[in-house]
Amino acid sequence: MQLSKWPLLGSACGDMKKIRKHPDVSVPQSVTEFIKLATGKKTIQIGFTKQKISGHAGLASLAAFLHRHRLGGLLASWLPHRRSSPNALAPADLALGFLTGLWAGAKKLAQVSYLRRDVLLPPLLQIERIASQSSYSRFFQGFDGAACNLGTFRPIWHWCLDRLRTRPGGYTLDFDSTQLLHEDSHHREGVRTGHTARGPKRCLHPLLAVVAEAKLVAGFWLRPGNTVSDNNVVSFTLDLLGGLPRQVHLRLVRADSGFCHDDWLRLLESKGLAYIVVARFYAPLQRLLRRQMPWAPTEVRGTEVAEVWHQEKGWARPRRVVLLRHLIAEKEHACGKRLLDCPGYSYQALVTNLPSTVPPLAVWRDYNGRADTENVIKELDASFGLPQLCLKRFWSTEAALSLAVLAYNLCILFQRDLGWQQRVTAATLRFRLFTTGGILSETGGLTTIRLAVPEAQRAWWRAVFAKLLGPYPNCNAVEQCFG
């Protein structure tokens, strides 16, 4: 796609002036009566038009990104489906339509199929059409097992991570799990009663890993709701490490107490990976805290540190444990666990294989960066429909959720292509770019999209397309806001 082939960047002011001079210019001759809307001081006429108008013309910016990376062809090679008949939609068309629905704000298959009335999206994405809800249901039924899903999404995660450049010092990989509540989905595979923040609830229990510095999801597996946090984490980690591109070197692995299990820690050690994992507050560790520990003050007010070599029950050998206690009276929001036998303090314990040359406070500060992973999970829940997407078959649900995670990753990579250092949410992208209106027409034999953009903002839009469609990569970032 070349910039010169995008007439949508031309001026739309002339059309607006014509409409102001001739109020009925956009109304077909078949319209004989307007709907009258009284707004208090004046009455507004509401009519209808046959012009091809879209409320999502701003997705042309994302389409430029997709076409530049040839995502349609890549999806065709990744997906396991094949056309069942000449009239059936191509699997890549179905996947692109589903991704576009999520970018437009859909959170269910029915909402994705509602975009079928948007005349602009098919030519923009170079697909036949947006599919119906039943077509998407049949599409996801094609994911019928673990082998099928792994074969499809393993290269997808690799492709996403392959967009990252070598980073001095390496990347940090954060492991986490979350619960997706589905209390009314009694006949959906995998929806089981599990422990959640709201008590025992019917849910799904996904496992995911995030590259902290890039905010990219590096892997995603779905699990039934009644599984524990560290269930299948060893296999998940082996699969993920096997798919890392060469230039993505890991400097550190972080996880919460749900992953503090000897099998997983030994795996990380065998791979030569440094880690910081929250320790579980079992009785032996609590007895250590009750003793007279040599607590040392720190530069952080109200926080003291200590460290011990401790072998928890079930561990093959002792490991370094960094202990922290926070004086509750000095903290507005004291993090950590409170113990009845040690009033006035909250406690944290971190298991790490970092050398003793790394002081305890530095270990604690390094672990605190993991909080951004929670923001990634919140973004996936709020903007990409993870809590709402639940199909009848377990592997179908995993495929739909994995494509939703891909939609999130593509939004992150899209912003990286624009040179944005500070990431914005998908909701911000929708308001700022994707839900910009436009008119579809044929001009001089070219499909033309005219964006409904004020004249003051058009230079910014030109800069966006120049960055996305330029033949050579450059380091000139596009500003995040209109000039």
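1. Over how many bridges do β6 and strand β7 pair? β6 and β7 (residues 199-204) pair over 5 bridges, in the antiparallel sense. Strands pair here if DSSP finds at least two bridges between them. One bridge joins Gly194 to Lys201 in β7. The two strands belong to an open sheet of 3 strands, ordered β5-β7-β6, with antiparallel pairing. β5 (180-181) and β6 (192-196) are the edge strands, each pairing on one side only.

2. A word on the basis. This is a predicted model, where local features need pLDDT of at least 70 and side-chain atom pairs count only at pLDDT 80 or more, while totals for chains, interfaces and linings use all residues. Residues are numbered from 1 along each chain as its sequence is written, and side-chain values use heavy atoms, with hydrogens and water left out.

3. Overall build. The protein has 16 helices and 18 strands. These are DSSP runs numbered from the N terminus: helices are H or I with at least four residues, strands E with at least two. The C-alpha trace spans about 90 × 50 × 50 Å along its principal axes. Of the 483 residues, 49% count as buried. Buried means under 20% relative accessible area, with a 1.4 Å probe and protein chains only. The protein exposes about 23900 Å², and carbon and sulfur atoms supply 52% of that area. Accessible areas come from the Shrake-Rupley method with a 1.4 Å probe.

4. Contacts along the chain. Take contacts between residues at least 6 apart in sequence: 64% of them join residues at least 24 apart. A contact means heavy atoms within 4.5 Å. Leu102 gives a concrete case. Leu102 sits in helix α4 (residues 91-103) and is buried, with a relative accessible area of 0%. Leaving out residues up to four places away in sequence, Leu102 touches Ser383, Phe384, Leu403, Ala404, Ala407 and Arg430. Leu403 is 301 residues away along the chain, yet the two C-alpha atoms are separated by 9.5 Å.

5. Helix α10. Within α10 (residues 262-270), Asp262, Trp264, Leu265, Leu267 and Leu268 are buried. An α-helix has 3.6 residues a turn, so residues three or four places apart point the same way. The buried residues of α10 pack against α9 (233-242) and five strands' worth of named partners, including β4 (171-177), β10 (250-255) and β11 (275-278). β14 (319-327) and β16 (345-352) are also among the elements they pack against. Gly272 follows α10, with a positive phi near 70°.

6. The largest pocket. About 770 Å³ of space lies in the largest pocket. On a 1 Å grid over the protein atoms alone, a pocket is an open set of points with protein on both sides within 12 Å along at least five of seven lines; a cavity is a set where a 1.4 Å probe fits but cannot get out; lining residues have an atom within 4 Å of a point. Grid points are joined across faces, edges and corners, and a volume is the space filled by probe spheres set on the points. The pocket has 24 lining residues, and Arg163, Arg165, Arg416, Asp417 and Gly419 lie nearest its centre. α2 (60-68), α14 (394-417) and α16 (458-469) each supply at least two lining residues. By class, the lining has 10 nonpolar, 5 polar and 9 charged residues.

7. The cavities. The structure holds 2 cavities of 30 Å³ or more. The second largest has a volume of about 50 Å³. Its lining includes Cys260, Tyr282, His310, Glu312 and Trp315. That lining has 6 nonpolar, 1 polar and 2 charged residues. Ala, Val, Leu, Ile, Met, Phe, Trp, Tyr, Cys and Pro count as nonpolar, Asp, Glu, Lys and Arg as charged, and the others, Gly among them, as polar.

Key
Buried < 20%, exposed > 50% of the residue type's maximum accessible area, 1.4 Å probe, protein only.
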